[in-house]
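Let's take a walk through this protein, starting with the overall picture and then stopping at a few residues. Keep the viewer open as you read.

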Amino acid sequence: MTTILRGGTLVTCLHPAEVIEADLVVDGDRVAAVGAGAGTAADVGASVIDCRACLIIPGNVCAHTHAYSALARGMPYRLEPPRDFVEILRRVWWRLDRALDEESIRASARVAAMEALLAGTTTLVDHHASPAAVDGSLDILAEEFARLGARSILAYETSDRDGPAVARAGLAENERFLGRVAAEQPVLVRGLVGAHASFSLSDETLAACVDLARSGGRGLHIHLAEDETDEIESRAAHGLSVIRRLERAGALEPAPVLAHGVHVDPAEAAVLRASGATIVHNPRSNMNN
């Protein structure tokens, strides 16, 4: 199917800013032509959208998100207010993710994808957790995102916080999903190996995540020093900062996706730059927490 976006203002480059008045022709899932009058030859049988007075930009990427948090808005809360970061996790987020089942995972994915697309974000790098419904959870997310035409890079948040059986299930879900993506090569979906954060990962579980990332040729997607708790626990339990612990474990190869990175000193930042890691800043989440 051919779609013509007629007469819009196209942003072709951000730095330096470049815009042109042009048609954009989309043939199936590819941009086929861009330019003044580019849609004329493709008019027959094409769907034409009048984009005059509209700005057309490449889709934004949300490089770290939790789609299930779309269900948190308006969620009733009857506990004492959290006093610190760990209590926020225990009283809000971990209570929510433990309550997720197939139906609520599916609903959260739909809401998250719709809100993202309405804001011009077409790719979601999602870090998912549903301890009571681990197996197949990434397939549900992939299906719902793709149904709406959103791209996704998915990982299951492996953690020891719910016990060794759930940790093993999280690893298995990452491995199964990576295998499926490798075999089927879906157009809109990719995978990473998910891990929660250093303070909720034993050495054994972290090593298993690293082994899976290396064997699959995919990096880790993990929270990094989001709160001082992560640093304090790592130094107390392992005698190392979080970054040095990840470095020792081999978690920086292949290059990982590291979310937050709030408590990082200049020497550690140099280590991350050398590794090629992607650092994802999350100011709104940091303010909320």
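What follows goes from the whole chain down to single residues.

A word on ground rules before we start. This is a predicted model, so local features need pLDDT of at least 70 and side-chain atom pairs count only at pLDDT 80 or more, while totals for chains, interfaces and linings use all residues. Residues are numbered from 1 along each chain as its sequence is written, and side-chain values use heavy atoms, with hydrogens and water left out.

First, the overall build. The protein has 9 helices and 13 strands, where helices (H or I, at least four residues) and strands (E, at least two) are DSSP runs numbered from the N terminus. Its C-alpha trace spans about 65 × 45 × 40 Å along the principal axes. The radius of gyration is 21 Å, which agrees with the value near 19 Å for a compact globule of 289 residues; that radius is taken over C-alpha atoms, and the globule rule is 2.2 Å times the number of residues to the power 0.38. Of the 289 residues, 44% count as buried, meaning under 20% relative accessible area, with exposed over 50% and partly exposed in between (1.4 Å probe, protein chains only). Among contacts with a separation of 6 or more, 67% are between residues 24 or more positions apart; contact means heavy atoms within 4.5 Å.

Now look at strand β6 (residues 60-65), where you'll find His64. At 7% relative accessibility, His64 is buried. What does His64 touch, not counting residues up to four places away in sequence? The list is Val125, His127, His221, His223, Ala259, His260, Val280 and Asn282. One of those partners, His260, sits in strand β12 and is buried too, with a relative accessible area of 3%. His260 also has a positive phi of about 85° although it is not a glycine. Most residues other than glycine have a negative phi, and most peptide bonds are trans.

There's another case of that kind at Ala225, with a positive phi of about 45°. Ala225 lies in the loop between β11 (220-224) and α6 (228-238), and at 0% relative accessibility it counts as buried. For an unusual peptide bond, go to Glu253 and Pro254, which are joined in cis with omega about -5°. Pro254 is in the loop between α7 (242-249) and β12 (257-260).

Next, the helices. Helix α3 (residues 137-147) has Ser137, Leu138, Ile140, Leu141, Ala142, Glu144 and Phe145 buried. Those buried residues pack against α2, β7 (121-128), β8 (151-156), α4 (164-184) and β9 (189-191). After α3 comes Gly149, with a positive phi near 85°. In helix α2 (residues 102-118) you can pick out Ser108, which is buried with a relative accessible area of 1%. Leaving aside neighbours within four places in sequence, Ser108 is in contact with Ala67, Tyr68, Ala70 and Leu71.

Finally, the cysteines. How many disulfides does a search of the whole structure find? The answer is 0, with a disulfide taken as a pair of cysteine sulfur atoms within 2.5 Å. Cys51 is in no disulfide, and the nearest cysteine sulfur, that of Cys54, is 5.2 Å away. Cys51 is buried, with a relative accessible area of 8%, whereas Cys62 is partly exposed at 25% relative accessibility.
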